Amino acid sequence: AIYIHTGEKMTLRDLTYGLMLRSGNDAALAIAHYVGGNVDQFVDQMNEKAKELGMKDTTFHNPHGLDEGDMKGNFSSAYDMAILTSYAMKNKDYQEIVGTKKHVVKTDDNTYVWHNKNKLLNQYSYITGGKTGFTKIARRTLVSTASKDELNLVAVTLDDGNDFADHKNLYEEAFSDYTNYELLSSGPISIIGENYYHDILYIK
């Protein structure tokens, strides 16, 4: 929790910082009420988005991810979390939030200083974001993103007690084995009788 108080005013953006940097489950509930009208409607929206993205092994029962007894928590897979993260990283605001190491929030009731739980932001120079997690059932989970030389990667581990080191090793292996090659430069293509324009095309 980020321990927000009843009646305290906070922007949706700051609540998202509290959610992503500090795993603020109270922030998740506040966001769900504001965006969805209530928790149940917001969870329905979560499942609709998961289906839209092709997350075939995912079912959400709450907005915060905590176990709720009798196996009523959220269910997913490493692959689906990679799909979701790849989609989210296309959003500039999301990129900025999950890549932030420290965020300070001042409200009419309190001042909060949040440090990102994703230690890779301080340990590995190519990390661009991610999200830590832990429940008694799922154990340690970690989703992270990294970029080097136009190669953007997502790593996901579930029930991994050495996740930070494992993610770093996965990225080192991938950056060593895969390279982007520029096939065509940005700009017009000269083809007799036809006109084309394109952005830079890469192949991995």
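**Exercise 1.** How many residues apart in helix H3 are Lys-49 and Glu-52, and by about how much of the helix are they separated?

*Solution.* This is a predicted model, and the exercise starts with one pair of side chains in it. Lys-49 and Glu-52 both belong to helix H3, which covers residues 39-53, and being three residues apart they are separated by about one helical turn. Next, look at the side chains themselves: those of Lys-49 and Glu-52 meet in a salt bridge, with 3.1 Å from N to O, which satisfies the cut-off of 4 Å for such a contact. Finally, consider the surroundings of each partner: Lys-49 counts as partly exposed at 27% relative accessibility, while Glu-52 counts as exposed at 57%.

**Exercise 2.** Find out which parts of the chain are tied together by the salt bridge between Asp-93 and Arg-13.

*Solution.* Begin with the total, since a search of the whole structure finds four salt bridges. In one of them Asp-93 is joined to Arg-13, and the closest N and O atoms are 3.2 Å apart. Then place the two residues: Asp-93 lies in helix H5 (residues 92-98) and Arg-13 in helix H1 (residues 12-22), so this pair ties together parts that are 80 residues apart in sequence. As for accessibility, Asp-93 is partly exposed, with a relative accessible area of 41%, and Arg-13 is also partly exposed, with a value of 33%.

**Exercise 3.** Describe the salt bridge between Arg-140 and Asp-163, and decide for each partner whether it is buried, partly exposed or exposed.

*Solution.* The closest N and O atoms of Arg-140 and Asp-163 are 2.7 Å apart. Arg-140 lies in strand E4 (residues 139-148) and Asp-163 in helix H7 (residues 163-177), so the bridge ties together parts that are 23 residues apart in sequence. Arg-140 counts as partly exposed at 32% relative accessibility, whereas Asp-163 is buried, with a relative accessible area of 2%. A further step returns to the residues of the second exercise, where salt bridges that share partners join Arg-13, Asp-93 and Glu-96 into one network.

**Exercise 4.** Which residues of H7 are buried, and against which elements do they pack?

*Solution.* First check the length of the helix: at 1.5 Å a residue, the 15 residues of H7 should span 21 Å, and this agrees with the 21 Å between its end C-alpha atoms. The buried residues of H7 are Asp-163, Phe-164, His-167, Tyr-171, Ala-174 and Phe-175. These residues cover an arc of only 100° around the axis, which puts them on the same side of H7. On the other side of H7, Ser-176 and Asp-177 are exposed. The packing partners of the buried residues are helix H6 (120-123), strand E3 (127-135), E4 and strand E5 (151-158).

**Exercise 5.** Work out the order of the strands in the sheet, and say how H7 is placed on it.

*Solution.* The open sheet has three strands in the order E3-E4-E5, and their pairing is antiparallel. Its edge strands are E3 and E5, each of which pairs on one side only, and the twist from one strand to the next averages 5°. Between E3 and E4 the antiparallel pairing runs over eight bridges, and Thr-135 stands opposite Arg-139 in E4. The last step adds the helix: H7 packs on the sheet and touches E3, E4 and E5, with its direction making about 30° with that of E4.

Technical notes. Residues are numbered from 1 along each chain as its sequence is written. This is a predicted model: local features need pLDDT of at least 70, side-chain atom pairs count only at pLDDT 80 or more; totals for chains, interfaces and linings use all residues. Side-chain values use heavy atoms; hydrogens and water are left out. Helices (H or I, at least four residues) and strands (E, at least two) are DSSP runs, numbered from the N terminus. Buried means under 20% relative accessible area, exposed over 50%, partly exposed in between (1.4 Å probe, protein chains only). The expected span of a helix is 1.5 Å times one less than its number of residues. The arc is that of the directions from the helix axis to the C-beta atoms. Contact means heavy atoms within 4.5 Å. Two strands pair if DSSP finds at least two bridges between them. Axes are lines fitted to C-alpha atoms, for helices over the stretch in contact, and angles run from 0 to 180 degrees between N-to-C directions.
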